[in-house]
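Thanks for coming. I have one model to go through this morning, and I will spend most of the time on its helices. Here it is.

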Amino acid sequence: GRPDIRNADEAMYRAKEKGRACLEVYDEAMRLRTTNRRMLAEQLSTAIADGDIEVHYQPQVNLRTGAVVSVEALARWNHPGRGRLDPDEFIQLAEDTGLIVGLGLSVLHRACVDAARWHDQLGPQAPRVAVNLSLRQLAQSNLPELLAEMIAKLGVDPQLLCLEVPESVLVGDVDTAIASLEALSEVGVSLAIDNFGKGSASLLNLQRLPVDTLKVDRSFVDGLGPDPEDSAIAAAIIGLAHNLNLEVIA
């Protein structure tokens with residue numbers, strides 16, 4: 001695109017990062033950030049194409065039994081010059097540039113491979129594998145078809161997979177989100193709402209979605225115990241989830 005449009009675009013992103021409702025003027029420092037950001041996006045695109053994005057797994061534990069019941073697949077990138085980058089840095093970049101689609105598919109593929117391998121090794125004790133989906137990925141009309149093909153090709157039981165979608169699916173074009181989630185659910189995977197309680201989710205829409213799990217946003221989990229308000233919010237989310245026959249992860 002034209003340089004002036006790109007510059008205005010970068011100023012807009014900076015304003016959003018600072019919480020919106022503010023004015024950002026494009027200057028030399030921002031020009032340098034834009035150049036670095038563009039270079040990082042090109043390097044990220046290459047890393048995705050070359051299979052250099054690692055997948056690490058965070059265990060999810062049943063508090064009653066102590067058993068690891070599932071693991072969450074998390075993308076990690078060892079940048080050749082800067083070392084391991086903060087996930088927030090390159091995930092947001094992937095979201096802004098559209099690279100999140102390719103990145104998400106690569107993580108999903110790795111998760112399917114590992115889920116099938118663990119099932120072969122552990123049988124019924126194999127953990128379920130959770131994979132994050134962005135709104136941009138969810139908007140892909142062919143995502144259910146791609147997922148079904150991947151599951152069939154890799155020989156993974158779809159019941160071993162859980163797709164986590166942002167809480168923001170509960171606002172905006174909810175009917176389209178419901179159709180997308182129902183199509184994914186028909187593939188046989190389970191679905192979870194991620195970061196629940198952080199945004200302005202519509203509780204009326206929650207019961208319309210074919211989801212199985214709510215994940216309490218970490219900002220409330222961090223304050224459990226010392227912060228009575230965070231504890232009260234977490235307790236309310238747990239109560240809501242149980243009343244809707246949903247599993248809760250924190």
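I will start with helix α6, where Leu143, Pro144, Leu147, Met150 and Ile151 are the buried residues. Looking down the axis of α6, these buried residues stay within an arc of 125 degrees, so they line one face of the helix. The other side of α6 carries exposed residues, namely Glu145, Ala152 and Lys153. Please keep in mind throughout that this is a predicted model.

What covers the buried residues of α6? The cover includes α4, α5, β5 and α7. As for the geometry of α6, the helix has 12 residues and runs 16 Å from its first C-alpha to its last, close to the 16 Å expected at 1.5 Å a residue. After α6 comes Gly155, with a positive phi near 70 degrees.

Before going on, some context on the chain. The protein chain has 10 helices and eight strands. Of its 250 residues, 39% are buried. If you take contacts between residues at least 6 apart in sequence, 64% of them join residues at least 24 apart.

Now to α4, one of the elements over α6. The axes of α4 and α6 come within 10 Å and cross at roughly 30 degrees, and the crossing is right-handed. From α4, the residues that take part are Leu105, Leu108, His109, Cys112, Val113 and Ala116. On the α6 side they meet Leu143, Leu146, Leu147, Met150 and Leu154.

One residue in that list is a histidine, so let me stop at His109. His109 sits in α4, which covers residues 100-122. Is His109 buried or exposed? Its relative accessible area is 38%, so His109 counts as partly exposed. Setting aside neighbours within four places in sequence, its contacts are Met150 and Leu154. His109 and Leu154 are 45 residues apart in sequence, while their C-alpha atoms are 8.6 Å apart in space.

Next, α7, which also covers the buried residues of α6. Helix α7 takes in residues 174-186, and its 13 residues should span 18 Å at 1.5 Å a residue; the end C-alpha atoms are 18 Å apart, which agrees. Its buried residues are Val174, Ala177, Ile178, Ser180, Leu181 and Leu184. Around the axis they cover an arc of only 165 degrees, which puts them on the same side of α7. Asp175 and Glu186 are exposed on the other side.

Which elements do the buried residues of α7 pack against? There are two strands' worth of residue ranges to note here, β5 (161-166) and β6 (190-196), along with the helices α5 (135-138), α6 (143-154) and α8 (203-206). Just after α7, Gly188 has a positive phi of about 115 degrees.

Leu184 in α7 deserves a closer look. Leaving out neighbours within four places in sequence, Leu184 is in contact with Leu133, Leu138, Leu143, Pro144, Leu147, Leu163, Val189 and Leu191. Leu143, Pro144 and Leu147 in that list are among the buried residues of α6. Leu184 also belongs to the largest nonpolar core, which has 59 residues. The residues with the most contacts inside that core are Leu44, Leu103, Val129, Leu163, Leu184 and Ile193. Helix α4 gives the most to this core, with 10 residues.

I will finish with three asparagines.

Asn205 is found in α8. With a relative accessible area of 14%, Asn205 is buried. Not counting residues up to four places away in sequence, Asn205 touches Leu170 and Val174. Val174 is one of the buried residues of α7.

Asn195 lies in strand β6. Asn195 is not a glycine, yet has a positive phi of about 55 degrees. At 33% relative accessibility, Asn195 counts as partly exposed.

Where is Asn245 found? Asn245 is in the loop between α10 (228-243) and β8 (247-249). Asn245 likewise has a positive phi, about 60 degrees, although it is not a glycine. Its relative accessible area is 71%, so Asn245 is exposed.

That is what I have. I can put the model back on the screen for discussion.

Key. Residues numbered from 1 in each chain as written. Predicted model: local features only at pLDDT ≥ 70, side-chain atom pairs only at ≥ 80, totals over all residues. Heavy atoms only, no water. Helix = DSSP H or I, 4+ residues; strand = E, 2+ residues; numbered from the N terminus. Buried < 20%, exposed > 50% of the residue type's maximum accessible area, 1.4 Å probe, protein only. Contact = heavy atoms within 4.5 Å. Expected span 1.5 Å × (residues − 1). Arc of directions from axis to C-beta. Core = buried A, V, L, I, M, F, W, Y, C linked by side-chain atoms within 4.5 Å. Axes fitted to C-alpha atoms, helices over the stretch in contact; angles between N-to-C directions. Left-handed = near helix turned anticlockwise from the far one by under 90°.
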